[in-house]
Amino acid sequence: MPKQKTHSGAKKRFKITGSGKVMKQQSGMRHNLELKSSRRTRRLNQDQVVPEVDAKVIRRMLGK
């Protein structure tokens with residue numbers, strides 16, 4: 001049987017923590033950062049836990 005390949009896009013966007021949670025980068029940190037407040041950019045720069053409904057699909061794409 002051939003091996004299952006991991007989804008290339010998913011492995012660049014998501015990481016799985018030691019406890020099994022799926023983490024992602026929050027949106028809104030790509031452009032127009034000058035007009036966003038420092039407080040807002042600091043908040044957006046933190047990783048975010050993916051909801052469990054979506055995490056199930058992501059784990060399958062990552063082969064975990």
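The following paragraphs lead from the overall form of this protein to the surroundings of two of its residues.

The structure is a predicted model. Three helices and three strands make up its secondary structure, and their order along the sequence is α-β-β-α-β-α. The pattern thus opens with a helix and closes with a helix.

The overall dimensions come next. The C-alpha trace spans about 55 × 25 × 20 Å along the principal axes of the protein. The radius of gyration is 15 Å, whereas a compact globule of 64 residues would have a value near 11 Å. Of the 64 residues, 20% count as buried. Contacts between residues 24 or more positions apart nevertheless form 50% of the contacts in the protein that have a separation of 6 or more.

The surface may be described by its area and by its charged groups. The accessible surface amounts to about 5,700 Å², and carbon and sulfur atoms contribute 50% of this area. Among the side chains, 18 are positive and 4 are negative. The centres of these two sets are 5 Å apart.

From the whole protein, the description now turns to helix α2. This helix covers residues 38–44, and Thr41 belongs to it. Is Thr41 buried or exposed? Thr41 has a relative accessible area of 17%; because the limit for a buried residue is under 20%, Thr41 is classed as buried. The side chain of Thr41 also reaches back to the backbone oxygen of Ser38, at a distance of 3.0 Å. When residues up to four places away in sequence are left out, Thr41 touches Met29, Leu33 and Lys36.

One of these partners, Met29, offers a second viewpoint on the same region. Met29 lies in the loop that runs between strand β2, residues 22–25, and helix α2. Its relative accessibility is 24%; because the partly exposed class lies between the buried limit of 20% and the exposed limit of 50%, Met29 counts as partly exposed. Which residues does Met29 touch, not counting those up to four places away in sequence? They are Thr41, Leu44 and Asn45. The contact between the loop residue Met29 and Thr41 therefore joins a partly exposed residue to a buried one.

Met29 can also be placed relative to a residue further along the chain. Val57 is 28 residues from Met29 in sequence, and the C-alpha atoms of the two are 25 Å apart in space.

Methods:
Residues are numbered from 1 along each chain as its sequence is written. This is a predicted model: local features need pLDDT of at least 70, side-chain atom pairs count only at pLDDT 80 or more; totals for chains, interfaces and linings use all residues. Side-chain values use heavy atoms; hydrogens and water are left out. Helices (H or I, at least four residues) and strands (E, at least two) are DSSP runs, numbered from the N terminus. The radius of gyration is taken over C-alpha atoms; the globule rule is 2.2 Å times the number of residues to the power 0.38. Buried means under 20% relative accessible area, exposed over 50%, partly exposed in between (1.4 Å probe, protein chains only). Contact means heavy atoms within 4.5 Å. Accessible areas come from the Shrake-Rupley method with a 1.4 Å probe; for residues, only the protein chains shown count as cover. Lys and Arg count as positive and Asp and Glu as negative; His and the chain ends are not counted. The place of a charge is taken as NZ of Lys, CZ of Arg, CG of Asp or CD of Glu. A polar contact is a pair of N or O atoms within 3.5 Å; within protein, one must be able to donate a hydrogen and the other to accept it, and residues adjacent in sequence count only if both atoms are side-chain atoms.
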